[in-house]
Amino acid sequence: MKLFKNILFIAILSIPVYYTVKIMNANEDKSWQTYYKSPEGTNVHQTTYKEKKKARIISDSFTKDKKREPASIPRPRDKKTNREVLGKIDKNTLFENKPNSNWKKIYADELLSKLGPDSKVFIKKNLGIIRVIAGKATYIEQVQVTIQNDKDSPPNSFEAQVDAQTGKQLSVWNRTNFEDTKKDIIMKKRLVP
Amino acid sequence: MEDLKRNGLFNLKIKKQTIFMSALVAYTLCLTSCVPSQSGGSSSSSGGVANTSASVNIGYGRVLHDNPIILSGNSSLDHTVNLNSLLKTSQDFVIDGQYLQKTCVDDPHCFEVKKDSITSLYQSTNQKWAFDTSTVEFDQVQMFTHMNWMISKYNTDLSSTYSTYYGSNPSGLSTSLPMSLFTSGSTWETSPLRGYALCDDLPNNAFFSPSTYSICLGFDSIYEDVKFVQDPTTLYHELGHAFVHNAMNFRTRASGTVAIDSNLGYFSYDEGKAINEGIADYFSYYMTGRAHVGEWSMGRFLNLSRPMEESDDLHVAGISETSEGRLSYPTYLGYDPNNPEENYEEIHYAGQIMSHFLVAFTKDLQTACSFNNSYARTFTFRLLMETMAYLGDFSSIGIEGAATYGVNHTPENAKEWLQKNKPITYRRFSQTFSRFVKSSLATDSSLCNFNSYNIQRLEQLLDDYGLLLFKNYDMNGSRSLAETIQNVEELNRQKTVLIKKNQLLVDSRSGNSKAFIFDSYSDMNAAATSLTNGFIDGSLSTTIFENGNLKYNNGNGQVSPGELVGILLNLYNNSNSTMAGVRILANDWDHMQDGKPCNNFEDNFPSESQGGASVSNYPGCAEEALDNGVGVLDSQTVEPVCFFQDIQDDAAVWVSQETFMASRAIEATECLGGSSSTKDCLIRSPKGADVAWYSRIEPKKTWAETLVDSNGENEFKASNIFFLEVSPSIPPGTTVNCRLRASFTNCEDCHNITSDDTGNTYTSNVNTPFEQVGDEYKDYKYSGADPFRVINFQFTVID
Ligand SMILES: [Zn+2]
């Protein structure tokens with residue numbers, strides 16, 4: 001009975017904590033989502049176990065997935081949005097965009113619109129930042145992306161920065177380094193002058 | 001190495017440097033004294049060890065200490081071999097615990113091994129790790145144990161290097177290793193390195209993925225019992241990629257001011273990637289002391305193993321450890337020792353030049369400094385780490401304690417410079433590696449067993465490899481300060497050939513094309529998919545797509561409105577030597593002023609009457625943008641490469657895309673990149689697809705002629721062509737000029753300030769007073785024309 005009381009107490013206490021955390025993390029969903037094409041447009045769902053297996057995405061339940069945070073010089077955070085700030089914000093800083101809760105969907109749409117019909121795009125947010133260059137600030141989402149182009153070939157992974165408003169990809173890096181480079185050959189042709 | 005293998009465990013929790021240093025001492029002592037001698041196990045009837053849990057102590061198992069070819073001494077070992085017979089009877093320490101995992105928060109030595117990404121960690125409730133070699137449990141123990149050995153060695157060697165600079169008795173020498181390397185956790189990603197011992201979808205393949213910080217090992221597609229994990233040298237190669245990734249980001253991570261990682265190599269072929277492969281091979285030598293990688297996994301059934309020294313039997317006749325016989329640049333860039341008559345453009349083959357050089361350097365260190373081979377490998381490792389920490393620094397500092405703008409231009413431009421404008425080539429890597437040899441061995445004889453290390457021997461060895469491609473050691477990088485240039489002894493450049501940039505031409509031989517245009521629907525759709533898979537920074541324009549496919553590509557071999565086209569510029573090597581590391585840039589640069597193309601470059605184009613901006617009327621043309629248009633250091637801009645021909649007052653003039661839009665009433669909303677991207681509204685080269693690489697061009701030939709196969713065909717990777725998106729709004733008949741820049745690795749006059757006429761008119765030393773003849777061009781110069789050949793590619797858009 002005492003155990004039950006304790007559990008009840010913890011449960012009641014947890015509700016406001018849960019919602020506070022949930023509100024704080026609005027648009028900060030850091031789980032994997034799968035995007036794919038359908039006749040109605042782009043569909044999305046939480047990435048399933050089977051998909052993770054196919055796309056070789058790490059299942060969060062096995063290991064704590066902690067993304068890098070610089071330990072030596074912790075980046076300052078913007079109090080309002082809890083985003084890491086790269087550069088300096090002052091009263092003259094001009095904000096070039098504003099966060100948009102729909103950014104991930106727009107980004108996925110953009111990728112899918114250039115890929116084959118069976119492609120799946122897996123996206124996970126790693127970090128939200130504000131980047132300030134020459135007095136101009138941009139809200140940026142930093143993501144991990146895995147693209148499954150077809151059922152047979154191994155998936156590609158990379159990291160990207162995405163405009164937090166327009167969902168436009170700004171920069172990519174850390175693409176998977178496959179040893180078999182035969183797939184890099186996109187054409188074989190006889191050149192006729 | 002044997003000590004490490006027997007102990008195999010190194011688990012320091014580093015909070016403070018002091019704790020770290022004392023732990024290091026304790027660990028070093030432990031290496032020699034704490035390891036209990038373990039033996040046991042009984043021979044099975046088949047002659048192998050019965051590798052069962054009853055035969056080992058808690059925490060122990062048995063693994064293959066090398067690949068089956070080496071262990072058996074049989075180079076034609078059958079795939080049906082019972083690998084148990086190759087296990088030693090003595091036990092190997094694996095891990096004290098129930099999982100193949102080092103759960104270590106804030107600990108850089110963190111890694112785990114599973115069968116593949118989605119299977120759970122294998123649990124050994126009795127904490128014993130001995131399994132039959134045919135099992136997938138064995139595969140995981142095999143991978144984990146070798147990861148443990150190699151990561152331990154990495155940490156030990158990195159720690160001891162670090163302590164020479166920041167320990168109790170610091171050498172006082174300059175280094176690229178950041179002081180906070182260990183306290184900031186910069187030696188490792190914060191997420192653990194994940195090893196996947198057997199990936200079902202990787203036949204004849206393996207990978208290192210920096211974004212997921214994981215390594216996946218595949219298997220032989222025909223003999224599926226031949227698994228890559230059975231060959232530790234393949235794992236060492238993959239771990240080598242992980243260490244390259246770490247080192248490239250030591251400084252970037254420690255700075256805390258940069259959010260993106262640097263990569264050694266960006267395109268399907270570039271010299272950075274080739275060097276990355278060569279270093280990854282070297283990491284197998286670093287572990288084994290044997291200059292050959294992949295005898296079992298890649299070599300036995302796939303004919304893909306790679307040697308790392310000229311004396312290897314696999315090499316063709318003529319290759320030897322003599323000055324003449326070295327595997328030199330650029331001659332052997334396309335050489336496959338397994339198929340010597342073929343001629344490839346492939347990063348692993350090209351990388352052999354780097355691995356052979358590094359092994360030869362290691363052996364030379366043994367002679368020069370009376371090192372044993374093991375210590376010489378460790379010292380070479382140290383130089384590699386420093387070279388990469390410097391070259392990869394996106395915070396632009398490079399050397400600990402130095403000011404910014406030393407390397408990779410500025411933090412905002414760092415990726416653009418590393419990827420495109422000033423990439424890591426055989427030249428740049430050799431120069432930086434040599435810089436650290438000079439600032440260590442050649443400066444402090446105590447590092448060389450109190451022998452005086454004469455830098456001439458390095459220059460001569462580099463020259464044997466065709467790698468004495470640089471003229472000075474670039475000690476201070478791009479920083480603006482008064483300095484005495486540390487020159488290479490020119491007499492040492494005997495074998496290395498440097499070629500003047502004016503020998504690189506657009507093919508003008510009669511009957512030959514200036515460029516090949518790829519615009520077929522199927523090829524370009526495939527290319528678009530490939531580019532969208534993490535190659536291009538932005539995204540391809542939605543204006544040229546419909547329902548996931550290109551809308552306008554017609555395959556007529558011309559540039560048409562609405563197409564995505566690939567351009568193979570037909571560059572011709574007019575010299576009598578092989579040109580190598582040729583790259584064409586179609587990215588923005590500082591070549592226009594107030595919407596007009598400047599005409600003060602070597603192309604003298606266009607004239608003022610054709611709309612050109614002269615220096616006398618547009619003085620801004622004579623100054624390169626100081627930070628490539630970012631706007632921190634000055635307000636100069638960079639402009640897209642392509643500009644347009646327009647008719648003004650009945651005369652044909654060259655104008656910017658914005659001017660052309662206004663003239664033809666094209667709305668900003670029609671722009672390829674949307675209404676905010678008017679500068680490259682009508683034609684643009686997608687960022688990341690705006691570079692073309694040619695591994696080499698033989699004398700009096702083009703790239704296509706150099707690499708054509710016996711059927712008269714050429715293979716194309718995305719890296720051979722640059723891409724253009726063409727707006728559907730361009731009126732057919734419009735003539736376009738794209739002013740490209742080209743450079744190459746063994747270029748005589750692309751890298752240094754000379755007193756010769758460059759053909760470009762620039763106001764010298766405006767902002768950097770210490771520039772001097774012979775010095776490397778400062779990084780800002782790469783926004784302009786001086787380090788490049790300027791090449792105009794003209795075409796008319798035809799429907
Ligand atoms: Zn590799």
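**Close-up views of chains A and B**

**View 1. B:E705 is partly exposed, at 31% relative accessibility.** Here, buried means under 20% relative accessible area, exposed means over 50%, and partly exposed is anything in between (1.4 Å probe, protein chains only). A quick word before going on: this is a predicted model, where local features need pLDDT of at least 70 and side-chain atom pairs count only at pLDDT 80 or more, while totals for chains, interfaces and linings use all residues. Residues are numbered from 1 along each chain as its sequence is written, chains are lettered from A and ligands numbered from 1 in the order in which they are written, and side-chain values use heavy atoms, with hydrogens and water left out. Now, back to the close-up. B:E705 pairs up with B:R509 in a salt bridge, with 2.8 Å between the closest N and O atoms; the term covers a side-chain nitrogen of Lys or Arg within 4 Å of a carboxyl oxygen of Asp or Glu. These partners come from distant parts of the chain, 196 residues apart: B:E705 sits in helix α16 of chain B, and B:R509 in the loop between β9 (504-506) and β10 (515-518) of chain B. Helices (H or I, at least four residues) and strands (E, at least two) are DSSP runs, counted from the N terminus. B:R509 is partly exposed too, at 29% relative accessibility.

**View 2. A:E110 and A:K168 join in a salt bridge through their side chains, at 3.5 Å from N to O.** A:E110 belongs to helix α3 (residues 103-112) of chain A and A:K168 to the loop between β7 (156-163) and β8 (169-173) of chain A, so the salt bridge ties together parts that are 58 residues apart in sequence. Which of these two is buried and which is partly exposed? A:E110 is the buried partner, with a relative accessible area of 10%, whereas A:K168 is partly exposed at 37%.

**View 3. A salt bridge runs between chains, from B:D709 to A:K188, at 3.6 Å from N to O.** On the chain B side, B:D709 lies in the loop between α16 (703-707) and β22 (714-717), and on the chain A side, A:K188 lies in strand β10 (residues 185-189). Both ends are partly exposed: B:D709 has 24% relative accessibility, and A:K188 has 43%. For the wider picture, searching the whole structure turns up 51 salt bridges over all chains.

**View 4. Helix α5 (residues 232-248) of chain B is 17 residues from end to end.** From first C-alpha to last, α5(B) reaches 24 Å, close to the 24 Å expected at 1.5 Å a residue (that is, 1.5 Å times one less than the number of residues). The rest of the structure largely encloses this helix, because 17 of its 17 residues are buried.

**View 5. Helices α5(B) and α7(B) cross at roughly 120 degrees, and their axes come within 7 Å.** The axes are lines fitted to C-alpha atoms, for helices over the stretch in contact, and angles between N-to-C directions run from 0 to 180 degrees. The two helices are therefore oblique to each other. As for the cut-offs, under 35 degrees is roughly parallel, over 145 roughly antiparallel, 65 to 115 roughly perpendicular, and the rest oblique. On the α5(B) side, the contact (heavy atoms within 4.5 Å) includes B:Y236, B:H237 and B:F243; on the α7(B) side, B:I279, B:F283 and B:M287 are among the residues taking part.

**View 6. Helices α10 (residues 373-391) and α12 (residues 426-439) of chain B pack at about 120 degrees, with their axes 9 Å apart.** That angle makes α10(B) oblique to α12(B). Among the residues making the contact are B:L383, B:L384 and B:M388 of α10(B), along with B:F429, B:F433 and B:F436 of α12(B).

**View 7. B:V258 lies in the loop between α6 (250-255) and α7 (271-288) of chain B.** B:V258 is buried, at 10% relative accessibility. What does B:V258 contact, leaving aside its neighbours within four places in sequence? The list is A:R75, A:L86, B:T252, B:F394 and B:S395. The C-alpha atoms of B:V258 and B:D393 are separated by 9.5 Å, although the two are 135 residues apart along the chain.
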